[in-house]
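Please look over the sequence and the structure shown below before reading on. The report goes from the whole chain to its sheet, then to its pockets and to a few single residues.

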Amino acid sequence: MGWIGEQIDSVKSVQFRQLVTQAISLGMIVTSALIIWKALMCVTGSESPVVVVLSGSMEPGFKRGDILFLHMSKDPIRAGEIVVFNVDGREIPIVHRVIKVHERQDTGEVNVLTKGDNNFGDDRLLYAHGQLWLQRHHIMGRAVGFLPYVGWVTIIMTEKPIIKYIMIGALGLLVITSKD
């Protein structure tokens, strides 16, 4: 083989090194994103500092596809605030406005009742069976800001998974074929 064999081995080793470098770079990007997400969780006090509005129940204030920024403090929740909450038995959080606050005299625990701005009635039909109020542990955070329309990327990739796979494939192809 001689000189030709050495050249082929040299090309193979460069491609392997380039592939390893790209894999490490991708790993660093993913790790950085996770670190930023965890830092946001610590700063905001919310288990999910950013959520996407998935329905039209809060129109005209928030439209489907808007991204909300959440913060959860120890301050009492007040009527009129927009909160994001989880309901037992449902995996997708809900964005609605607090319409009533009920403080229990015996424990001092605060319970809230919510309603979507665009809905006719309160959310008791959305709560778990027999549940009339939300407790503090159901609430993920209060809306403190939003970006309109940016969440449509998430909605489209969730509702049309083929688009997600095409985008992942295209990005993977881009990473593999790019040169340093």
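## The chain as a whole

A residue is called buried when its relative accessible area is under 20%, exposed when that value is over 50%, and partly exposed in between. By this rule, 27% of the 180 residues of the protein chain count as buried in the model shown here, which is a predicted one.

The secondary structure of the protein chain consists of three helices and six strands. Read from the N terminus on, these elements follow the order α-β-β-β-β-β-β-α-α. Among the contacts in the protein chain with a separation of 6 or more, 54% are made by residues 24 or more positions apart.

## The six-stranded sheet

How are the six strands ordered in the sheet? They form an open sheet in the order β1-β2-β6-β3-β4-β5, and the pairing is antiparallel. The strands β1 (50–52) and β5 (110–115) stand at the edges, and because each has a single partner strand, one side of each is left without a neighbour in the sheet. On average, and with direction ignored, neighbouring strands of this sheet are turned by 50 degrees against each other.

## Pairing from β1 to β6

Beginning at the edge strand β1, the antiparallel pairing with strand β2 (residues 67–71) runs over three bridges, and within this pair Val52 has Ile67 in β2 as its bridge partner. Between β1 and β2 there is a loop that contains Pro60, and the peptide bond that joins Glu59 and Pro60 is cis, with an omega of about 10 degrees.

Strand β2 also pairs with strand β6 (residues 139–147), again in the antiparallel sense, and here five bridges are found. One of the residue pairs to look for is that of Phe69 with its bridge partner Gly145 in β6.

## Pairing from β3 to β5

Strand β3 (residues 82–85) is joined to strand β4 (residues 94–103) by four bridges in the antiparallel sense. In this pair the bridge partner of Val83 is His96 in β4, while Phe85 stands opposite Ile94, also in β4.

Strand β4 runs antiparallel to β5 as well, and six bridges join the two; there Arg97 has Lys115 in β5 as its bridge partner. The hairpin of β4 and β5 has six residues between the strands, and in this hairpin Gly108 takes a positive phi near 80 degrees.

## The pockets

Rolling a probe the size of a water molecule over the atoms shows where empty space is left. The largest pocket has a volume of about 310 Å³. It is lined by 16 residues, of which Leu54, Ile92, Pro93, Ile94 and Val95 are the closest to its centre. The elements that give two or more residues to the lining of the largest pocket are β1 and β4, and β4 gives the most, with three residues. Ile94, which faces Phe85 across the strand pair described above, is thus met again among the residues closest to the centre of this pocket.

Which kinds of residue make up the lining of the largest pocket? They divide into 10 nonpolar, four polar and two charged residues. The second largest pocket has a volume of about 180 Å³, and Ala33 and Thr154 line it.

## Two residues after the last strand

Tyr149 is found in the loop between β6 and α2. Its phi is near 70 degrees, which is a positive value in a residue other than glycine. Is Tyr149 buried or exposed? Because its relative accessibility is 52%, and the limit for an exposed residue is over 50%, Tyr149 counts as exposed.

Trp152 lies in helix α2 (residues 152–159). With a relative accessibility of 30%, Trp152 falls between the limits of 20% and 50% and therefore counts as partly exposed. If residues up to four places away in sequence are not counted, Trp152 touches Arg64 and Gly65. The C-alpha atoms of Trp152 and Val52 are separated by 8.2 Å, although the two residues are 100 residues apart along the chain. Val52 is also the residue whose bridge partner in β2 is Ile67.

Key. Residues numbered from 1 in each chain as written. Predicted model: local features only at pLDDT ≥ 70, side-chain atom pairs only at ≥ 80, totals over all residues. Heavy atoms only, no water. Pairing = 2+ DSSP bridges. Axes fitted to C-alpha atoms, helices over the stretch in contact; angles between N-to-C directions. 1 Å grid on protein atoms, 1.4 Å probe; cavity = no way out; pocket = protein on both sides within 12 Å on 5 of 7 lines; lining within 4 Å. Points joined across faces, edges and corners; volume = space filled by probe spheres on them. Nonpolar A, V, L, I, M, F, W, Y, C, P; charged D, E, K, R; others polar. Buried < 20%, exposed > 50% of the residue type's maximum accessible area, 1.4 Å probe, protein only. Contact = heavy atoms within 4.5 Å.
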